[in-house]
Amino acid sequence: MSEAAAIADTPRSGPPPGKEAAAHAQAGISTDVGSGDELASPQQDAPVLFLSGIERHYRQGDAVLEILKGAELAVWPGQSVALVAPSGAGKSTLLHVAGLLEYPDSGEVYIDRLATSTLSDGQRTRLRRTEVGFVYQFHHLLPEFSALENVMLPQMIRGLSRREAINRSTELLNYLGLKDRLTHRSAELSGGEQQRVAIARAVANAPRILLADEPTGNLDPRTSERVFGALTQLVRASGLAMICATHNMDIAARMDRRVTLKDGAVVELE
């Protein structure tokens with residue numbers, strides 16, 4: 001059972017009427033708030049991640065910077081979505097909101113049909129820990145630990161035994177072509193190897209959603225191709241829903257969908 005199901009008894013507010021309710025129906029999100037179990041139950045015809053009417057702004061002195069304005073995005077299991085937009089358009093903000101790292105000023109983030117706006121900080125943390133994986137432009141590996149230990153840590157934090165974490169981490173790193181690098185520390189790995197360890201760490205707890213923010217941005221073209229290949233291989237094999245922010249149009253062209261941000265809204269690209 002997913003963490004979403006475990007906290008399904010949390011009170012929810014229903015989706016807003018009118019246009020946004022229609023968007024909920026189109027995305028397979030129930031507007032009946034009577035049954036927590038119904039909302040939390042994953043369904044194949046419903047997106048695993050649904051952003052509804054997301055607004056996000058920041059204050060800079062007396063000025064208000066409007067970053068996201070009514071952003072809507074649905075992503076289904078096994079689907080990869082390229083988020084292509086200029087720097088400063090709000091790509092990272094969208095990923096942070098989708099990954100429950102930031103609260104939207106208004107709107108709702110649904111994970112497995114569970115409305116997250118009314119969850120406590122602790123519940124959001126548990127949901128993020130089990131349902132969402134993150135890969136960044138910089139690998140952020142802990143330098144004092146080996147590749148294997150870096151992948152083990154999030155699993156042990158979640159509650160797996162050391163033996164279980166070792167077995168799963170070894171399996172993941174072997175799958176990503178790193179079986180000879182398990183005991184190497186970050187400084188002993190190449191850039192591409194570091195990023196593949198970061199990918200393994202991101203999926204170590206078997207999340208349903210993977211959010212990648214320029215995961216190949218610091219790599220040369222050849223290494224970038226290898227890392228992206230590893231990423232898409234995992235997405236297809238595990239049924240992950242992935243949003244990948246990228247400036248690389250070659251990479252974006254190989255994903256299932258391409259979207260951009262225009263005037264704070266998510267717009268589909270051909």
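These are my notebook entries on what I looked up in this structure, which is a predicted model.

**Entry 1: the whole chain**

I started with the overall picture. The protein chain has 10 helices and 10 strands. Of its 270 residues, 50% count as buried. I then looked at contacts between residues at least 6 apart in sequence, and 70% of those join residues at least 24 apart.

**Entry 2: aromatic pairs**

Next I went looking for rings that pair up. A pair of aromatic rings is described by the distance of the centres and the angle of the planes. How many aromatic pairs did I get? The count comes to two.

I took Phe50 and Tyr110 to begin with. Their ring centres are 6.0 Å apart and their planes meet at 25 degrees, so I wrote this pair down as stacked. The cut-off that matters here is an angle under 30 degrees. The two residues come from distant parts of the chain: Phe50 is in strand S1 (residues 49-60) and Tyr110 is in strand S4 (residues 106-111), 60 residues apart. Are they buried or exposed? Phe50 is buried, with a relative accessible area of 3%. Tyr110 is buried as well, at 4%.

The other pair is Phe134 with Tyr136. Here the centres lie 6.1 Å apart and the planes are at 5 degrees, so this pair is stacked too. Tyr136 has a relative accessibility of 30%, so I noted it as partly exposed; to be called buried, a residue must be under 20%.

While I was on rings, I checked Tyr103. The charged end of Arg124 sits over its ring, 3.7 Å from the centre.

**Entry 3: a cavity inside**

Rolling a probe the size of a water molecule over the atoms shows where empty space is left. I searched the whole structure and found one cavity of 30 Å³ or more. The largest cavity has a volume of about 50 Å³.

Which residues line the largest cavity? I listed Leu95, His96, Phe134, Val135, Tyr136, Leu211, Ala212 and Asp213. The elements giving two or more residues to this lining are helix H4 (91-98), strand S6 (132-135) and strand S7 (209-213). S7 gives the most, with three residues. I was pleased to meet Phe134 and Tyr136 again here, the two partners of a stacked pair.

**Entry 4: helix H4**

H4 helps line that cavity, and I wanted to know how covered the helix is. Six of its eight residues are buried, so I put it down as mostly covered. The buried ones are Lys91, Thr93, Leu94, Leu95, Val97 and Ala98. Leu95 from this set also appears in the cavity lining. After H4 comes Leu100, and its phi is positive, near 65 degrees.

**Entry 5: the largest pocket**

Then I turned to the open spaces. The largest pocket has a volume of about 410 Å³. Its lining is made of 15 residues, and those nearest its centre are Arg128, Arg129, Val132, Phe134 and Pro154. Two or more lining residues come from each of helix H5 (121-131), S6, H6 and H8. Phe134 turns up once more: it lines the largest pocket and also the largest cavity.

**Entry 6: Glu193 and Ser146**

H8 sent me to Glu193, which lies in that helix (residues 191-202). With a relative accessible area of 14%, Glu193 is buried. What does its side chain reach? It reaches the backbone nitrogen of Ser190, at 2.9 Å. Setting aside neighbours within four places in sequence, Glu193 is in contact with Leu178 and Arg181.

Ser146 is in the loop between S6 and helix H6 (147-158). At 9% relative accessibility, Ser146 counts as buried. Not counting residues up to four places away in sequence, Ser146 touches Leu182, Thr183, His184 and Arg185.

**Entry 7: Arg222**

My last stop was Arg222, in helix H9 (residues 221-238). Is it buried or exposed? At 70% relative accessibility, Arg222 counts as exposed, since the cut-off for that is over 50%. I also checked its distance to Gly192. The two are 30 residues apart in sequence, and their C-alpha atoms are 9.4 Å apart in space.

Note on methods
Residues are numbered from 1 along each chain as its sequence is written. This is a predicted model: local features need pLDDT of at least 70, side-chain atom pairs count only at pLDDT 80 or more; totals for chains, interfaces and linings use all residues. Side-chain values use heavy atoms; hydrogens and water are left out. Helices (H or I, at least four residues) and strands (E, at least two) are DSSP runs, numbered from the N terminus. Buried means under 20% relative accessible area, exposed over 50%, partly exposed in between (1.4 Å probe, protein chains only). A polar contact is a pair of N or O atoms within 3.5 Å; within protein, one must be able to donate a hydrogen and the other to accept it, and residues adjacent in sequence count only if both atoms are side-chain atoms. Contact means heavy atoms within 4.5 Å. Rings of Phe, Tyr and Trp (its six-membered ring) pair if their centres lie within 6.5 Å; planes under 30 degrees apart count as stacked, over 60 as edge-to-face and the rest as tilted. A charge sits over a ring if NZ of Lys or CZ of Arg is within 6 Å of the ring centre and within 35 degrees of the ring normal. On a 1 Å grid over the protein atoms alone, a cavity is a set of points where a 1.4 Å probe fits but cannot get out, and a pocket is an open set with protein on both sides within 12 Å along at least five of seven lines; lining residues have an atom within 4 Å of a point. Grid points are joined across faces, edges and corners, and a volume is the space filled by probe spheres set on the points.
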